[in-house]
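Open the model in your viewer and keep the selection tool at hand. The tour goes from single residues to larger groups.

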Amino acid sequence: MELVLNAGPVVKLVLLILVYFSVVSWAIIFYKFRVIHRATKDSERFLEFFWAKKRFDAIGQGLGDYGHSPLTVLFREGYQELIKGQRKREGEDEVGFAAELGGADNVARALRRAMTLETHRLEKFLTFLATTGSTAPFIGLFGTVWGIMDSFHGIGQTGSASLAVVAPGISEALVATAIGLVAAIPAVVGYNHFVNKVNVLTGEMDNFSQEFLNIVERMMRRA
């Protein structure tokens with residue numbers, strides 16, 4: 001603490017910025033851990049529920065129990081688009097093969113749109129972790145370089161280069177590099193962990209979309 005209090009104004013500003021990056025990064029890490037953990041658990045439970053049920057309307061009534069899963073959003077969007085298409089076809093006099101394909105395409109577009117929105121939701125704030133991980137060490141290094149320059153300037157003014165004069169200034173400057181690494185390391189670890197989890201969930205969304213479309217196409221062929 002004494003090293004921080006005795007540091008120059010520029011180094012103190014650098015430390016303040018790094019503390020801000022570190023605090024926000026930890027807040028994001030805890031938030032993303034909660035969001036992605038819930039999404040993963042609810043997705044596992046929803047897939048069991050989905051394959052256990054045989055009717056879309058029964059599945060639609062149970063979506064509230066899996067509200068954190070991105071798969072429920074895909075199902076809801078696809079199912080609503082399917083119902084919308086069925087109502088439209090029922091209101092038309094001529095129902096043909098082209099209309100059926102158009103309905104499947106609309107469901108596919110709704111699934112892609114929902115998947116894109118859910119992927120963006122899951123990736124939210126990860127950019128800040130990446131920015132912290134890549135820039136915090138350099139910001140800390142800048143504070144260290146500035147502190148060392150300030151120390152050498154003080155040596156030039158006092159005319160003494162003894163270790164007792166040089167060491168305190170350099171140690172104060174090195175605090176900035178240490179704080180930069182303290183901010184960057186958890187951010188990098190958290191970013192890599194959450195990107196991997198989001199990729200797994202994105203893969204599950206892609207697989208679920210394909211399965212949902214296959215079921216819809218089979219239903220349309222039988223209709």
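Start by selecting lysine 32, which is buried, because its relative accessible area is 0% and the cut-off for buried is under 20%. Bear in mind that this is a predicted model. Lysine 32 belongs to helix α2.

What is lysine 32 in contact with, leaving aside its neighbours within four places in sequence? Show His37, Arg121, Leu122, Glu123, Lys124, Leu126 and Phe194. Leucine 122, one of these contacts, is 90 residues from lysine 32 along the chain, yet the two C-alpha atoms are separated by 8.1 Å.

Next, select threonine 132 in helix α6. Is threonine 132 buried or exposed? Its relative accessible area is 0%, so threonine 132 is buried. Residues up to four places away in sequence are again not counted; threonine 132 then touches Phe21, Ser25, Pro137, Ala183, Ala184 and Ala187.

Now turn to the spans that come from a record. UniProt, in an unreviewed entry, places the feature "transmembrane region" at residues 13-31, 125-149 and 169-191. Color residues 125-149: this span is 96% helix and 0% strand, and its end C-alpha atoms lie 36 Å apart. Then color residues 169-191, where the span is 100% helix and 0% strand, with 34 Å between the end C-alpha atoms.

Stay with helix α6 and select methionine 149, which is located there. Add Phe138, Leu141, Phe142, Val145 and Trp146: together with Met149 they make a nonpolar surface patch of about 630 Å².

From the surface, move to the largest nonpolar core, which has 37 residues. Which of its residues touch the most other members? They are Phe46, Phe50, Phe56, Ile59, Phe75, Phe208 and Phe212. The elements that give two or more residues to this core are:

- α2 (9-52) and α3 (56-61)
- α4 (70-91) and α5 (97-123)
- α6 (126-158) and α7 (163-222)

Helix α7 gives the most to this core, with eleven residues. Apart from this core lies another one, of nine residues, including Leu15, Ala136, Val175 and Ala183.

For the last stop, select phenylalanine 212, one of the residues listed above for the largest core. Leaving aside its neighbours within four places in sequence, phenylalanine 212 is in contact with Phe56 and Phe75, and also with Gly78, Tyr79, Val107 and Leu111.

Definitions and conventions: Residues numbered from 1 in each chain as written. Predicted model: local features only at pLDDT ≥ 70, side-chain atom pairs only at ≥ 80, totals over all residues. Heavy atoms only, no water. Core = buried A, V, L, I, M, F, W, Y, C linked by side-chain atoms within 4.5 Å. Buried < 20%, exposed > 50% of the residue type's maximum accessible area, 1.4 Å probe, protein only. Helix = DSSP H or I, 4+ residues; strand = E, 2+ residues; numbered from the N terminus. Contact = heavy atoms within 4.5 Å. UniProt positions renumbered as here; feature names shortened; annotations may be inferred. Patch = residues over 30% accessible without salt bridge, like charges linked within 9 Å, V, L, I, M, F, W, Y side chains within 5 Å. Areas by Shrake-Rupley, 256 points an atom, 1.4 Å probe, with all protein chains shown as cover. Salt bridge = Lys/Arg side-chain N within 4 Å of Asp/Glu carboxyl O.
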